[in-house]
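Q: Could you take a close look at one buried spot in this protein for me, and then walk me outward from there through the rest of the fold? I work at the bench, so plain language is welcome.

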Amino acid sequence: MFSTFGSILALLLGTAFLLAGSGLHGLLLPLRGQAEGFSTTTLGLLGTAWSLGFVAGCLLAPRLVKRVGHVRAFGAFAASGAIIALLSGLLVGELIWIALRVLTGFVMAGAFMIIESWLNERSTNETRGTVFGLYMMVTYGAIMGGQLTVAAGDVTTATLFMMTGILFCLSLIPTAVSTAVTPKPLAEVSLDLPALYRNSPIAFAACLLVGVANGAWGTLGAVYGARAGISTAEIALMMSLVVVAGAVTQLPAGRLSDRTDRRYVLAGAAAGAAVFAILIVLIAPKSGAVILTMTALYGAMAYILYSIAVAHANDHAPAEDFVKVSGGLLLLYGGGTMIGPLVAAPLMDYVSSEGIFLATAWAHLTLAGYAVLRISRRAPVPIDEREAFKTLPAERAVTQNAVMLDPRSDTEAEE
């Protein structure tokens, strides 16, 4: 058991470096682009490009890994991430960055899939819950740490791009020296939209709309903070607090959904997120403390929606379809994150910097209204027939292989 967890901790360390690099790079680009005078549309396209590459990586990376092997593929993905980060600091240009961002999304998806597959291979039915919990802690902690690193440097220089490259390179070391057995071929999950909709129309709509809202915020939130006049350190803290607030409120909201119709919780949380978003638009706060507080409250509502939607979908699906349903919803969410920045960018240009919250409010109000409609169309699954709610990692940093780590998965892992 000690050796099993020892190899897992080495893999988690590699994951931490990878996620820290991804978090730093993802926040650095919009801040540097804002300083360079890039258009809001271009900054939005950076997020769309990353999501496009990430979804493509989820679909195509398993074939590449099958050809060259896990170790070589992971080395290629991590090294490519470092090269792309360094090129972003050397070649500052709108079109170049958009193209590089597609590649970043692709290589990050491949790297995440390999590590998650490795972790799953080293988990047993008895330890999967612990490994999944550790992976969640590393995911949130590393992303937050990477984002906060922005405050330690000057976004107008190449230093932070170099630090990103170093973090990606560091992710190679723990996996290179790990004694973990090379895992089985990566899981391939197809996106069967009709089947996902038939299983749960509200989960289908929720994952798409939550993707729109979270994609808009994840890409352009830093731009909003810069235009609101808060410091780089406050922007980094704001972006981290939004996700962490959602992580903290996931469990109590999930437990509430265990005791009632989950669609009530979906509708209430979506409406709450819309209310906080609209308040930010109306108040247009300029104080760092007020912005941090209001965006954290927004995140506490917005970032619980995906997990509850997945739980609701799996209430209606056979246990053996958990990986198929959850993996499909994750890809659907990724499709939404491509749309979100394209919706928010024009609103930020033609309304105000707070226009980003008009985009998220539209998505959340649409979700709340549809959830209420579906309550009248379909009876809830009896409480005693549901799986208990379990929290999920940050959606932008996981692939369908992470779904297989979830204790609800029927995947058998061997020691």
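A: Happy to start with Thr48: its relative accessible area is 13%, under the 20% cut-off, so Thr48 counts as buried. Keep in mind throughout that this is a predicted model. Thr48 sits in helix H2. Leaving aside residues up to four places away in sequence, Thr48 touches Met338, Pro341 and Leu342.

Met338 comes up again with another residue of that helix. Leu52 also lies in H2, which runs over residues 40-68. The C-alpha atoms of Leu52 and Met338 are 6.5 Å apart in space, although 286 residues separate the two in sequence. Here is a point to watch when you compare the residues: Leu52 has 43% relative accessibility, so Leu52 is classed as partly exposed, whereas Thr48 is buried at 13%. As background, an α-helix has 3.6 residues a turn, so residues three or four places apart point the same way. Pointing the same way does not settle the burial class here, as Thr48 is buried and Leu52 is partly exposed.

Cysteines are a natural next stop for a biochemist. Cys58 is buried, with 3% relative accessible area, and Cys207 is buried too, at 0%. If you are wondering about cross-links, a disulfide is a covalent bond between the sulfur atoms of two cysteines. A search of the whole structure turns up 0 disulfides.

Now let us zoom out. The protein chain contains 16 helices and 0 strands. Of its 415 residues, 59% are buried. Among contacts between residues at least 6 apart in sequence, 87% join residues at least 24 apart, and the Thr48 contact with Met338 gives you a concrete pair to look at. The chain exposes about 15400 Å², and carbon and sulfur atoms supply 67% of that area.

With that overview in hand, turn to the charged pairs. The count comes to 6 salt bridges. Arg262 is a good place to begin, as its side chain meets that of Asp258 in a salt bridge, at 2.9 Å from N to O. Both of these residues are buried. Arg262 also forms a salt bridge with Asp315, at 2.6 Å from N to O. This second pair links distant parts of the chain, with Arg262 in helix H11 and Asp315 in helix H13, 53 residues apart. Asp315 is buried, as is Arg262. Put together with Arg255, these residues make a network of salt bridges: Arg255, Asp258, Arg262 and Asp315.

Another bridge connects Glu354 and Lys286, whose side chains meet at 3.8 Å from N to O. Glu354 lies in the loop between helix H14 (322-350) and H15, while Lys286 lies in the loop between H11 and helix H12 (288-302), so the pair ties together parts that are 68 residues apart in sequence. Glu354 is buried, with a relative accessible area of 4%.

Helix H13, the home of Asp315, has another residue to look at. Val310 lies in this helix, which covers residues 305-315, and Val310 counts as buried because its relative accessibility is 2%. The C-alpha atoms of Val310 and Ser200 are separated by 9.6 Å, with their positions 110 residues apart along the chain.

Helix H15 is worth a check of its own. Its 21 residues, 355-375, should span 30 Å at 1.5 Å a residue, and the end C-alpha atoms are 31 Å apart, which agrees. The buried residues of H15 include Gly355, Ile356, Phe357, His364, Leu367 and Arg374.

Finally, step out to the surface. Val275, Ile278, Leu279, Leu282, Ile283 and Leu365 form a nonpolar patch there, with about 540 Å² of accessible area together. Helix H11, residues 262-283, gives the most to this patch, with 5 residues. Val275 is in H11 and counts as partly exposed because its relative accessibility is 48%. So H11 is a helix to view from two sides of the story, because Arg262 in H11 pairs with Asp315 in H13 in a link between distant parts of the chain, while H11 also supplies 5 residues to the nonpolar patch.

Definitions and conventions:
Residues numbered from 1 in each chain as written. Predicted model: local features only at pLDDT ≥ 70, side-chain atom pairs only at ≥ 80, totals over all residues. Heavy atoms only, no water. Patch = residues over 30% accessible without salt bridge, like charges linked within 9 Å, V, L, I, M, F, W, Y side chains within 5 Å. Areas by Shrake-Rupley, 256 points an atom, 1.4 Å probe, with all protein chains shown as cover. Salt bridge = Lys/Arg side-chain N within 4 Å of Asp/Glu carboxyl O. Helix = DSSP H or I, 4+ residues; strand = E, 2+ residues; numbered from the N terminus. Buried < 20%, exposed > 50% of the residue type's maximum accessible area, 1.4 Å probe, protein only. Expected span 1.5 Å × (residues − 1). Contact = heavy atoms within 4.5 Å. Disulfide = S-S within 2.5 Å.
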